[in-house]
Amino acid sequence: MITTIQRWGNSQAVRLPKTILETLFLQENDQVAIIAENDAIVIKKATRRRRAKKSLTERFENYSGDYQCTECDWGAPFGKEVW
């Protein structure tokens, strides 16, 4: 199927025919991923990966470094800062 790239505001757009959308079970407002690969544009239905938020303890559970927290000297106050 041949189509034309057209202006849409300040961007460019390609209209997807209804038959293509129906074949792929895509509907208005569905999110899609657009990938440029090997001189082609690939449009795929986006899949959301829900990641559970990790606690601070979970984020550092595999950390094995020897980092020690220290104070940093930022120098004398400049202006109206209160130190």
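**Entry 1: the first salt bridge**

I began with K18, which is exposed at a relative accessible area of 62%. The model I am reading is predicted, and I keep that in mind for every value noted below. K18 forms a salt bridge with E22, and the closest N and O atoms of the pair are 3.9 Å apart. That distance qualifies because the cut-off for a salt bridge is within 4 Å. E22, the acidic partner, counts as partly exposed at 47% relative accessibility. I then checked where the two residues sit, and found that K18 and E22 are four residues apart in helix α1 (residues 18–23), so about one helical turn separates them.

**Entry 2: the second salt bridge**

How many salt bridges does the count come to? I noted two salt bridges by this rule, and turned to the pair not yet described. K45 forms a salt bridge with D30, with the closest N and O atoms 3.8 Å apart. Here K45 lies in strand β4 while D30 lies in the loop between α1 and β3, so the pair ties together parts that are 15 residues apart in sequence. I looked up the accessibility of both partners: K45 counts as partly exposed at 46%, and D30 is also partly exposed, with a relative accessible area of 29%. As a reminder to myself, side chains of opposite charge can pair when their charged atoms come close.

**Entry 3: the nonpolar surface patch**

Next I looked for nonpolar side chains on the surface, and found a patch of about 670 Å² made by I5, V14, L16, V32, I34, I41 and I43. Which strands each supply at least two residues of this patch? They are β3 (32–37) and β4 (40–45). I picked out I41 from the patch for a closer look and placed I41 in strand β4. Is I41 buried or exposed? At 67% relative accessibility I41 counts as exposed, because the exposed class begins over 50%.

**Entry 4: the largest pocket**

I then went through the pockets, starting with the largest, which has a volume of about 740 Å³. Of the 19 residues that line this pocket, W8, V14, R15, L16 and I43 are the closest to its centre. V14, L16 and I43 were already in my notes as members of the nonpolar patch. Strands β1 (6–8), β3 and β4 each supply at least two residues of the lining of the largest pocket, and the largest share, three residues, comes from β1. I also sorted the lining by class, and it divides into eleven nonpolar, four polar and four charged residues.

**Entry 5: the second largest pocket**

The second largest pocket has a volume of about 190 Å³. Its lining consists of M1, I2, T3, V14, R15, L16, P17, I20, L21, L24, L26 and I43. By class I recorded ten nonpolar, one polar and one charged residues in this lining. V14, R15, L16 and I43 appear in the lining of the second largest pocket, and these residues were also listed among those closest to the centre of the largest pocket.

**Entry 6: T3 and a long separation**

T3, one of the residues lining the second largest pocket, lies in the segment before β1, and I noted that T3 counts as partly exposed at 46% relative accessibility. How far apart are the C-alpha atoms of T3 and E61? They are separated by 52 Å, with the two residues 58 apart along the chain.

**Entry 7: positive phi values**

Last, I looked at backbone angles, bearing in mind that most residues other than glycine have a negative phi. F25 has a phi near 55°, a positive value in a residue other than glycine. The place of F25 is in the loop between α1 and β3, the loop in which D30 also lies, and F25 is exposed with a relative accessible area of 67%. D39 likewise has a positive phi, near 60°, and is a residue other than glycine. I found D39 in the loop between β3 and β4, where D39 counts as exposed at 83% relative accessibility.

Note on methods. Residues are numbered from 1 along each chain as its sequence is written. This is a predicted model: local features need pLDDT of at least 70, side-chain atom pairs count only at pLDDT 80 or more; totals for chains, interfaces and linings use all residues. Side-chain values use heavy atoms; hydrogens and water are left out. Patches are made of residues with over 30% relative accessible area and no salt bridge: like charges are joined within 9 Å, nonpolar side chains (Val, Leu, Ile, Met, Phe, Trp, Tyr) within 5 Å. Accessible areas come from the Shrake-Rupley method with a 1.4 Å probe; for residues, only the protein chains shown count as cover. Buried means under 20% relative accessible area, exposed over 50%, partly exposed in between (1.4 Å probe, protein chains only). On a 1 Å grid over the protein atoms alone, a cavity is a set of points where a 1.4 Å probe fits but cannot get out, and a pocket is an open set with protein on both sides within 12 Å along at least five of seven lines; lining residues have an atom within 4 Å of a point. Grid points are joined across faces, edges and corners, and a volume is the space filled by probe spheres set on the points. Ala, Val, Leu, Ile, Met, Phe, Trp, Tyr, Cys and Pro count as nonpolar, Asp, Glu, Lys and Arg as charged, and the others, Gly among them, as polar.
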